[in-house]
Amino acid sequence: MAAATAAEDVPATQREEPVRDDAAVETAEEAKEPAEADITELCRDMFSKMATYLTGELTATSEDYKLLENMNKLTSLKYLEMKDIAINISRNLKDLNQKYAGLQPYLDQINVIEEQVAALEQAAYKLDAYSKKLAKYKKLEKR
């Protein structure tokens with residue numbers, strides 16, 4: 001019944017559509033209703049809030065990029081500090097290697113002296129053992 005009353009409200013020229021071969025094509029009339037003041041104000045409010053939202057989003061993105069830029073600058077400074085430290089370590093290591101190379105002949109002499117001392121120590125132990133045997137021999141001779 002609602003469909004029948006809706007059909008009655010539509011003028012006869014709009015109710016009856018001419019039969020065409022092209023059933024898929026429909027004609028429509030543009031609605032020419034005057035915009036209400038509420039709708040206009042709501043649209044302005046919507047655009048204002050959308051502008052505020054987009055400004056906030058763009059500001060947040062801009063702040064993120066500024067943060068990344070600052071982080072990159074700090075990282076770059078840290079790498080420069082690490083580079084300076086590595087250069088100093090390399091320089092000090094070269095100095096130590098040169099000093100070690102200068103000490104190497106003395107270290108070799110110390111090794112030779114150590115070997116000679118070990119040989120003298122063995123000779124002293126042999127001499128001590130020999131002198132103990134002589135002492136025993138002299139005791140036997142006195143008897």
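These are short questions and replies on a predicted model.

Me: What makes up the secondary structure of the chain?
Reply: Three helices and zero strands. Along the sequence the pattern reads α-α-α.

Me: How much of the chain is buried?
Reply: Buried residues make up 0% of the 143 residues. To count as buried, a residue needs under 20% relative accessible area.

Me: Why is threonine 52 called exposed?
Reply: Its relative accessibility is 54%. Exposed means over 50%. Threonine 52 passes that cut-off, so the word applies. This residue is found in helix 3.

Me: What makes the pair of serine 48 and threonine 52 a polar contact?
Reply: The backbone oxygen of serine 48 lies 2.9 Å from a polar atom of the threonine 52 side chain. The cut-off is 3.5 Å. The distance is within the limit, so it fits a polar contact.

Me: Why is leucine 107 called partly exposed?
Reply: Its relative accessible area is 32%. Buried means under 20%, and exposed means over 50%. Leucine 107 falls in between, so it is partly exposed. Its place is in helix 3, residues 37-142.

Me: What makes leucine 107 fit for a nonpolar surface patch?
Reply: A patch residue needs over 30% relative accessible area. Leucine 107 has 32%, so it meets that cut-off. Tyr100, Leu103, Tyr106 and Ile110 join Leu107 in making the patch. The patch covers about 520 Å².

Me: How do you know that lysine 66 and glutamate 63 form a salt bridge?
Reply: Their side chains meet at 3.8 Å, N to O. The cut-off is 4 Å, so the pair counts. Side chains of opposite charge can pair when their charged atoms come close.

Me: Why are lysine 66 and glutamate 63 about one helical turn apart?
Reply: Because they are three residues apart in helix 3. Lysine 66 is partly exposed at 43%. Glutamate 63 is partly exposed at 43% too.

Me: What makes lysine 73 and glutamate 69 a salt bridge?
Reply: The N to O distance is 3.6 Å. That is within 4 Å, so the pair counts. Lysine 73 and glutamate 69 are four residues apart in helix 3, so about one helical turn separates them.

Me: Is lysine 78 exposed or buried?
Reply: Exposed, because its relative accessible area is 54% and the cut-off is over 50%. Lysine 78 also forms a salt bridge with glutamate 81. Glutamate 81 is partly exposed, at 44%.

Me: How many salt bridges does a search of the whole structure find?
Reply: Five.

Key: Residues numbered from 1 in each chain as written. Predicted model: local features only at pLDDT ≥ 70, side-chain atom pairs only at ≥ 80, totals over all residues. Heavy atoms only, no water. Patch = residues over 30% accessible without salt bridge, like charges linked within 9 Å, V, L, I, M, F, W, Y side chains within 5 Å. Areas by Shrake-Rupley, 256 points an atom, 1.4 Å probe, with all protein chains shown as cover. Helix = DSSP H or I, 4+ residues; strand = E, 2+ residues; numbered from the N terminus. Buried < 20%, exposed > 50% of the residue type's maximum accessible area, 1.4 Å probe, protein only. Polar contact = N/O pair within 3.5 Å; in protein donor to acceptor, adjacent residues only side chain to side chain.
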